Amino acid sequence: MSTMNPQAAQNYLKSRVFTATPEQLQLMLYDGALRFGEQARLALQQKNFEQSYSMISRVQKIINELSCSLKHQVYPDLCTKLSSLYNYVHRKLIDANVNHNIESLNEAIGLLKFQRETWAMLLQQLGQQKAAEAASQMDIPEPDTRMEASLSVEG
């Protein structure tokens, strides 16, 4: 299996980010947080505290971005709950970083995985709804005998 050169990988990522919907960007943030969280877990297991600090700090920045992007004026109840969840995850990450506590990191990663799965399911449902709405608005002609004749399969 060949690997992408770093410049090509960077260009691919930029392309994905610039063409993504806000919903897809949110999913990408969860994916990044989970990837850095897993790297932090490995570093903690290896007692590489400089690396774990760096990776956990990246997760914290993503959590901060997720928290700042909440639209409290649009969805006040949901945003209050998500804000509390993000604050809790952030505190667990601080504990993992300061005390090298892998259990706190595991809890934070578990909560982020659950949120990511929930978000992915929501996006899938949203995509299906949009596809159904688009299909219902398409002007599809009624079949006629010429169309049916052209569709017949000769065996």
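A nonpolar core is a set of buried Ala, Val, Leu, Ile, Met, Phe, Trp, Tyr and Cys residues joined through side-chain atoms within 4.5 Å. Buried here means under 20% relative accessible area, with over 50% called exposed and anything in between partly exposed (1.4 Å probe, protein chains only). The largest such core in this structure has 23 residues. What you're looking at is a predicted model, where local features need pLDDT of at least 70 and side-chain atom pairs count only at pLDDT 80 or more, while totals for chains, interfaces and linings use all residues. Residues are numbered from 1 along each chain as its sequence is written, and side-chain values use heavy atoms, leaving out hydrogens and water.

**The overall picture**
- The protein chain has six helices and zero strands, counted as DSSP runs numbered from the N terminus (helices are H or I, at least four residues; strands are E, at least two).
- Read along the sequence, that gives the pattern α-α-α-α-α-α.
- Of the chain's 155 residues, 26% count as buried.
- Take the contacts (heavy atoms within 4.5 Å) with a separation of 6 or more: 61% of them come from residues 24 or more positions apart.

**The core**
- Ile56, Val59, Ile63, Tyr86, Leu93, Leu105 and Leu112 have the most contacts inside the largest nonpolar core.
- Helices H2 (22-45), H3 (49-68), H4 (76-99) and H5 (102-136) each chip in at least two residues of this core.
- Leaving aside neighbours within four places in sequence, Leu105 is in contact with Gly37, Ala40, Arg41, Leu44, Ile56, Leu93 and Ala96.

**H2 against H3**
- H2 and H3 pack at an angle of about 160 degrees, with their axes 8 Å apart; axes are lines fitted to C-alpha atoms, for helices over the stretch in contact, and angles run from 0 to 180 degrees between N-to-C directions.
- That angle makes H2 roughly antiparallel to H3, since angles over 145 degrees get that label (under 35 is roughly parallel, 65 to 115 roughly perpendicular, the rest oblique).
- The crossing of H2 and H3 is left-handed, meaning that the near helix is turned anticlockwise from the far one by less than a right angle (clockwise would be right-handed).
- Residues on the H2 side of the contact include Leu29, Phe36 and Leu44, and those on the H3 side include Phe49, Met55 and Ile62.
- The residues of this contact split into 13 nonpolar, six polar and two charged; Ala, Val, Leu, Ile, Met, Phe, Trp, Tyr, Cys and Pro count as nonpolar, Asp, Glu, Lys and Arg as charged, and the others, Gly among them, as polar.

**H3 against H4**
- H3 and H4 pack at about 170 degrees, with their axes 10 Å apart.
- That makes H3 roughly antiparallel to H4.
- H3 passes H4 in a left-handed crossing.
- The residues of this contact come to ten nonpolar, seven polar and no charged.
- Gln60 sits in H3 and counts as buried at 14% relative accessibility.
- Beyond its neighbours within four places in sequence, Gln60 is in contact with His90, Leu93, Ile94 and Asn97.
- Asn97 is in H4, and counts as buried at 11% relative accessibility.
- Not counting residues up to four places away in sequence, Asn97 touches Ser52, Tyr53, Ile56, Ser57 and Gln60.

**Leu27 and its partners**
- Leu27 is in H2 and is buried, with a relative accessible area of 17%.
- The C-alpha atoms of Leu27 and Trp119 are separated by 6.9 Å, although the two are 92 residues apart along the chain.
- Residues up to four places away aside, Leu27 touches Arg116, Trp119, Ala120 and Leu123.
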